[in-house]
Amino acid sequence: MEHVINGIFPTPVYITERDSNLSPKEEKEIRKIVKEGMYKNAGNSTSNNNYIFNNNDNLKNLKQFCEQQIKIYVKEVIVPKVELDFYITQSWLNVTKPGEFHHEHSHPNSIISGVFYISTEEDDKITFTDPNVRLKELIKFETKEYNLWNSTTWFFPSNNNELLLFPSWLQHNVEVNEKATTDRISISFNTFVKGNLGERKNLNQLILK
């Protein structure tokens with residue numbers, strides 16, 4: 001007898017690639033941001049400037065690329081009934097030197113978060129953690145092989161010029177790449193929304209301007 005295993009309540013991780021490398025102007029701006037100063041985060045370093053997309057002509061095209069992909073994510077994942085204006089709030093540069101890592105975290109006060117990879121090496125990856133991991137591990141089985149159904153973490157390779165978008169509540173981390181010999185550099189950002197959420201008759205209306 002045939003059977004079907006259905007996946008319900010999946011978590012979206014949107015991955016796309018920019019069709020061009022960083023321009024000389026963008027590369028120069030990235031170097032400038034690093035030179036202006038980084039502060040030590042838990043395991044890696046973050047730019048002192050954590051609004052790098054704001055009023056920055058040198059990163060204008062990269063910001064527009066991210067905004068276009070956010071619109072596609074909203075249209076295909078959230079599918080809002082009315083038009084909403086999702087916009088980038090904070091944006092910052094990450095530098096992870098060989099032997100460093102990103103601690104597990106999520107992004108409060110944001111709806112969709114993103115990471116754009118500027119410089120990566122083979123075996124670089126980002127790992128996401130199932131938000132229900134504590135419930136699922138109340139009874140713990142020894143697993144012969146991992147799949148979408150029995151895994152509590154899942155990773156994706158990190159590649160240059162690639163953008164990932166995901167729900168900001170989704171826990172994620174970057175493990176040490178034991179083979180790395182150069183700095184891993186990425187841009188992260190958060191988003192929020194303007195518009196009419198909910199409906200007045202359902203007593204859940206929220207107008208954000």
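**Exercise 1. How many aromatic pairs does the structure hold?**

Before we start, a quick note: this is a predicted model, where local features need pLDDT of at least 70, side-chain atom pairs count only at pLDDT 80 or more, and totals for chains, interfaces and linings use all residues. Residues are numbered from 1 along each chain as its sequence is written, and side-chain values use heavy atoms, with hydrogens and water left out.

*Step 1.* Get the rule straight. Rings of Phe, Tyr and Trp (its six-membered ring) pair if their centres lie within 6.5 Å; planes under 30 degrees apart are stacked, over 60 edge-to-face, and the rest tilted.

*Step 2.* Apply that rule and you get five aromatic pairs.

*Step 3.* Look at Tyr14 and Tyr73: their centres are 6.2 Å apart with 65° between the planes, which makes the pair edge-to-face. Tyr14 sits in strand β1 (residues 14-17) and Tyr73 in helix α2, so this pair ties together parts that are 59 residues apart in sequence. Here helices (H or I, at least four residues) and strands (E, at least two) are DSSP runs, numbered from the N terminus. Tyr14 and Tyr73 are both buried, where buried means under 20% relative accessible area, exposed over 50%, and partly exposed in between (1.4 Å probe, protein chains only).

*Step 4.* Now take Phe53 and Phe189, a tilted pair at 6.4 Å centre to centre and 50° between the planes. Phe53 is in the loop between β3 (45-47) and α2 and Phe189 is in strand β11, so the chain parts they link are 136 residues apart. Phe53 counts as buried because its relative accessibility is 2%, and Phe189 is buried too, at 0%.

*Step 5.* Finish with the cluster: Phe128, Phe156 and Phe166 form one aromatic cluster.

**Exercise 2. Find the lysines that lie over the face of an aromatic ring.**

*Step 1.* Set the test: NZ of Lys or CZ of Arg has to be within 6 Å of the ring centre and within 35 degrees of the ring normal.

*Step 2.* Check Lys125, which lies over the face of Phe155, at 4.4 Å from the ring centre.

*Step 3.* Check Lys194, which lies over the face of Tyr87, at 5.1 Å from the ring centre.

**Exercise 3. Describe the largest nonpolar core and say which element gives it the largest share.**

*Step 1.* Start with the overall picture. The protein chain has three helices and twelve strands, and 38% of its 209 residues count as buried.

*Step 2.* Keep a general idea in mind: in soluble globular proteins, nonpolar side chains tend to be buried together.

*Step 3.* Build the core from buried Ala, Val, Leu, Ile, Met, Phe, Trp, Tyr and Cys residues joined through side-chain atoms within 4.5 Å. The largest one has 26 residues, and those with the most contacts inside it are Ile30, Phe53, Ile70, Ile118, Leu165, Ile187 and Phe189.

*Step 4.* List the elements that give two or more residues: α1 (24-36), α2, β4, β6 (112-119), β9 (162-167) and β11. The largest share, six residues, comes from α2.

**Exercise 4. Work out what lines the largest pocket and the largest cavity.**

*Step 1.* Define the spaces. On a 1 Å grid over the protein atoms alone, a cavity is a set of points where a 1.4 Å probe fits but cannot get out; a pocket is an open set with protein on both sides within 12 Å along at least five of seven lines; lining residues have an atom within 4 Å of a point. Grid points are joined across faces, edges and corners, and a volume is the space filled by probe spheres set on the points.

*Step 2.* Take the pocket. The largest has a volume of about 680 Å³. It is lined by 20 residues, and the closest to its centre are Pro10, Thr11, Asp130, Lys136 and Leu148. β7 (125-129) and β8 (153-157) are the elements that give two or more residues to this lining, and β8 gives the most, with three.

*Step 3.* Sort that lining by class (Ala, Val, Leu, Ile, Met, Phe, Trp, Tyr, Cys and Pro are nonpolar; Asp, Glu, Lys and Arg charged; the others, Gly among them, polar). The pocket has eleven nonpolar, seven polar and two charged residues.

*Step 4.* Turn to the cavity. The count comes to one cavity of 30 Å³ or more, and about 90 Å³ of space lies in the largest cavity. Of its 15 lining residues, Thr96, Asp124, Asn177, Ala180 and Arg184 are the closest to the centre. The cavity lining has four nonpolar, four polar and seven charged residues.
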